Amino acid sequence: MTRHHLNIIGFIINCTWISIFFSGTPMMWILMGIASLLFLVFLSLGILLPNRNYFLTNTTRLKNTKVLLTFDDGPHEHLTPQILKTLKRHNIGAIFFVIGKQAEEHPEIIRQLLADGHLIGNHTQNHPIMFAALRQDSVEKEIGLCDNMLIAQNIHPGTYFRPPIGYTNPRIARAVKKFRKQVIGWSLRSFDSVLKEESKLLERVSSKIKPGDIVLFHDNLPQTEAILDRFIVQATKNGIKFAEPNHLKTIFK
Ligand SMILES: [Zn+2]
């Protein structure tokens with residue numbers, strides 16, 4: 001039972017007792033209005049704040065004190081290999097949420113990152129910006145195409161999934177169940193797609209990082225590649241322990 005189901009049940013219960021006790025009175029409409037407003041507030045918060053696990057269970061933190069780096073929207077022809085070199089130098093393992101059409105163009109990079117001990121996750125075939133507005137069949141098509149494309153390249157797609165932009169809804173929840181995916185969110189958003197100035201990006205992630213965090217980066221952005229080494233060095237000095245490649249298989253346990 002998700003929080004969305006509980007919200008619907010709560011709304012039905014409220015409407016039932018209001019219509020029993022206040023039937024035909026002006027108070028009935030006032031209370032019905034309040035019940036509807038509450039329903040919509042919970043629904044909106046559930047859509048806008050995926051970490052609330054409103055529609056589905058979304059893993060947003062580790063149960064241990066390591067820090068997990070995740071990279072979305074790749075693989076990128078030049079930047080991802082550079083990021084892989086930096087991670088290898090520091091013996092850090094990461095999860096890359098790949099876009100199917102990108103992976104199709106650079107399967108050799110996916111093979112390299114898997115050989116380095118990293119894991120991949122499905123980030124849909126085309127990364128539709130309005131993913132949360134898609135119909136059920138289109139949502140399923142986006143997830144299925146990405147998996148099938150990886151399988152066609154002899155790459156196991158794994159079970160992890162991260163929806164584009166992070167928003168969720170009942171259609172995405174149904175698709176996730178159908179494909180038996182585990183949804184991985186984040187606890188620290190680097191905002192690397194907004195903070196293009198390296199110093200600001202480095203300052204943000206370095207000041208916010210704490211044990212147990214799942215960090216969201218993008219491996220198709222030059223500023224992310226540029227600060228990664230400095231970020232790792234600084235955080236390690238401050239006592240942060242990043243997940244190593246051999247930790248990844250049990251990282252969510
Ligand atoms: Zn993305």
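**View 1. Asp73, a buried residue, at the zinc site of the predicted model.** In this predicted model, Asp73 counts as buried, with a relative accessibility of 13%, and the side chain of His123 likewise belongs to a buried residue, whose relative accessible area is 1%. Asp73 through OD, His123 through NE2 and His127 through NE2 are the protein donors of the zinc ion, lying 2.1 Å from it. Along the sequence these donor residues follow the spacing D-x49-H-x3-H. Asp73 sits in the loop between β2 (68-72) and α3 (79-89), whereas His123 sits in the loop between β4 (119-122) and α6 (136-152), and the pair thereby links distant parts of the chain that are 50 residues apart.

**View 2. Strand β4 and its pairing with β3.** Both faces of β4 are covered, since Leu119 and Gly121 on one side and Ile120 and Asn122 on the other are all buried. In a regular strand, side chains point alternately to the two faces of the sheet. Strand β3, made up of residues 94-98, pairs with β4 in the parallel sense over four bridges, and Phe96 stands opposite Ile120 of β4.

**View 3. The salt bridge between Arg162 and Asp72.** The structure holds ten salt bridges, one of which joins Arg162 to Asp72, with 2.7 Å between the closest N and O atoms. Arg162 lies in the loop between β5 (160-161) and α7 (170-178), while Asp72 belongs to strand β2, so this pair ties together parts that are 90 residues apart in sequence. Arg162 is buried, with a relative accessible area of 0%, and Asp72 is buried as well, with a value of 3%.

**View 4. The salt bridge between Lys200 and Glu197.** The side chains of Lys200 and Glu197 meet in a salt bridge with an N to O distance of 3.7 Å. Lys200 is partly exposed, having a relative accessible area of 47%, and Glu197, at 46% relative accessibility, also counts as partly exposed.

**View 5. Asp213 and Lys210 within a salt-bridge network.** The side chains of Asp213 and Lys210 form a salt bridge, with 3.4 Å from N to O. Asp213 is buried, with a relative accessible area of 0%, whereas Lys210 is partly exposed, with a relative accessible area of 38%. Through salt bridges that share partners, Arg61, Lys210 and Asp213 are joined into one network.

Definitions and conventions:
Residues are numbered from 1 along each chain as its sequence is written. This is a predicted model: local features need pLDDT of at least 70, side-chain atom pairs count only at pLDDT 80 or more; totals for chains, interfaces and linings use all residues. Side-chain values use heavy atoms; hydrogens and water are left out. Donors are N, O and S atoms within 2.8 Å of the metal (3.2 Å for Na, K and Ca); water is not among the atoms, so sites may look incomplete. Helices (H or I, at least four residues) and strands (E, at least two) are DSSP runs, numbered from the N terminus. Buried means under 20% relative accessible area, exposed over 50%, partly exposed in between (1.4 Å probe, protein chains only). Two strands pair if DSSP finds at least two bridges between them. A salt bridge is a side-chain nitrogen of Lys or Arg within 4 Å of a carboxyl oxygen of Asp or Glu.
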